[in-house]
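Trainee: I'd like to learn how to read a few features of this fold. Could you walk me through them?

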Amino acid sequence: MSDGGDERNGHEKVPSRQRRRFEGISSRAYEHPADRSALVALRRLSGFDTVFKALSGLLPERSLRLLFLSDSVRVSDAQFAHLNDMLRDACYILDLEKVPPMYVNQDPQPNAMCIGLDDPIIVVTTGLVELLDEEEMRAVVGHEVGHALSGHAVYRTILLFLTSLAVRVAWIPLGNLAIMAIVTALREWFRKSELSADRAGLLVGQDLRASMRGLMKIAGGNHLHEMNVDAFLAQAEEYESAGDLRDSVLKILNVLPRTHPFTAVRAAELKKWAESRDHQRIMDGHYPRRDEDKDTSVSDSFRQSAASYATDMKNSKDPLMKLVSDIAGGAGDLGGRVRRGFGGFGAGGGTDTAAGKDGGAADAPRDGRPDDEGTDSRG
């Protein structure tokens, strides 16, 4: 890696400062526990390779590759050279030997994705390229390379295909209920995998403020002079802790259809991880190695995942999570707590109901378009 700084079309050709490289790093180093446990189980599942090969013949991967090759611009030394430098640098930092092809697609919507089975490809939109500065874009490219290193492109492509196939047979009696249970579980995993990839983006960019700015711009557009990272993080704090049990229920209903966590929440989660001992250990060179992946215990990964959820619930300021945590801990006066939590429901005009101002926040327009591997820049 170089720490030079010559210019090409207004962009730095190489990183303006030296960045730490993580030789042989395993994706387990940055994966969220819930994401990691699912991936470890899939990797260790007997016969999965056979199923994978059978499914790969059914998926339109070749068609997608031809589509991007024919109707997008492939990143190279000759085209979008600054993105090509970022991509190679990200692969070098995370020690990903094979650099995935990257395409720039004409689309004003800021977006990025990592898709594919045998060989993942990365696609970024012109809206994203025009929105982010050099360091912010570097974090996004690292995010997508993190998806590739974790194998998210493979598993997500398969799971999205299976989900789509299952929805087509939802007319079977009780089939819709079963399908929605599966879809809900998959979306929960998708959301956790986005947190994993955000961490990978931070390891590549090694600039927390740039990662924060990028997420803030994705939420509020290219008006950085009108926005403030600390105020944006305060929104996440207010979102988590404000309101009563009614708001907690609305939060759950709003997030269920999404494959990505809310942007302010992602920023807060990334900042929390950046300040953790786990992140510091990685930066100090102490991290799981790829050659140790085969020895990873599935049961240990599940225990870590369960412990992570328990810790999140215990430390959460959300009223519903606090109530559940208290119940689990044997707290009394359950009836009184519930009555206090829902005290406003029958006591007034009901201006906060799901059909009112809060009910319109389900974010359907954003998630209505093809996702993820549809919205990785938000992810």
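Mentor: Sure. Let's begin with a cut-off: buried means under 20% relative accessible area, exposed means over 50%, and partly exposed is in between. Keep in mind that this is a predicted model.

Trainee: How does Tyr239 count on that scale, and how does Phe262?

Mentor: Tyr239 has 33% relative accessibility, so it counts as partly exposed. Phe262 is at 19%, so it counts as buried.

Trainee: How many aromatic pairs does the structure hold?

Mentor: Three. One of them joins Tyr239 and Phe262, with 5.8 Å centre to centre and 70 degrees between the planes, which makes the pair edge-to-face. This pair links distant parts of the chain: Tyr239 sits in helix H10 (residues 229-241), while Phe262 is 23 residues away, in the loop between helix H11 (245-255) and helix H12 (263-274). A ring can also have a charge over its face: Arg21 lies over Tyr92, 4.2 Å from the ring centre.

Trainee: Now the sheet. In what order do the strands come?

Mentor: Four strands make an open sheet, ordered S3-S4-S6-S5, with mixed pairing. At the edges are S3 (73-74) and S5 (112-115), each of which pairs on one side only.

Trainee: Which way do the neighbours of S4 run, parallel or antiparallel?

Mentor: Take them one by one. S3 pairs with S4 (residues 102-105) in the antiparallel sense over two bridges, and Arg74 has Tyr103 as its bridge partner. S4 and S6 run parallel and are joined by four bridges; there, Asn105 stands opposite Thr125.

Trainee: What about the side chains along a strand?

Mentor: In a regular strand they alternate between the two faces of the sheet. In S4, Met102 and Val104 point one way and Tyr103 and Asn105 the other, and all are buried. As for what lies across the sheet, helix H6 (residues 134-150) crosses S4, S5 and S6 (121-125), running at about 20 degrees to S5.

Trainee: And how should I read a core?

Mentor: In soluble globular proteins, nonpolar side chains tend to be buried together. Here the largest nonpolar core has 50 residues, and those touching the most other members are Phe22, Leu83, Val124, Met137, Val145 and Leu203. Apart from it lies another core, of six residues, among them Tyr103, Met113, Ile121 and Val123.

Trainee: What does Val124 touch?

Mentor: Leaving aside residues up to four places away in sequence, Val124 touches residues including Leu83, Tyr103, Val104, Asn111 and Met137.

Notes
Residues numbered from 1 in each chain as written. Predicted model: local features only at pLDDT ≥ 70, side-chain atom pairs only at ≥ 80, totals over all residues. Heavy atoms only, no water. Pairing = 2+ DSSP bridges. Contact = heavy atoms within 4.5 Å. Axes fitted to C-alpha atoms, helices over the stretch in contact; angles between N-to-C directions. Phe/Tyr/Trp six-rings, centres within 6.5 Å; stacked < 30°, edge-to-face > 60°. Buried < 20%, exposed > 50% of the residue type's maximum accessible area, 1.4 Å probe, protein only. Lys NZ or Arg CZ within 6 Å of the ring centre and 35° of its normal. Core = buried A, V, L, I, M, F, W, Y, C linked by side-chain atoms within 4.5 Å.
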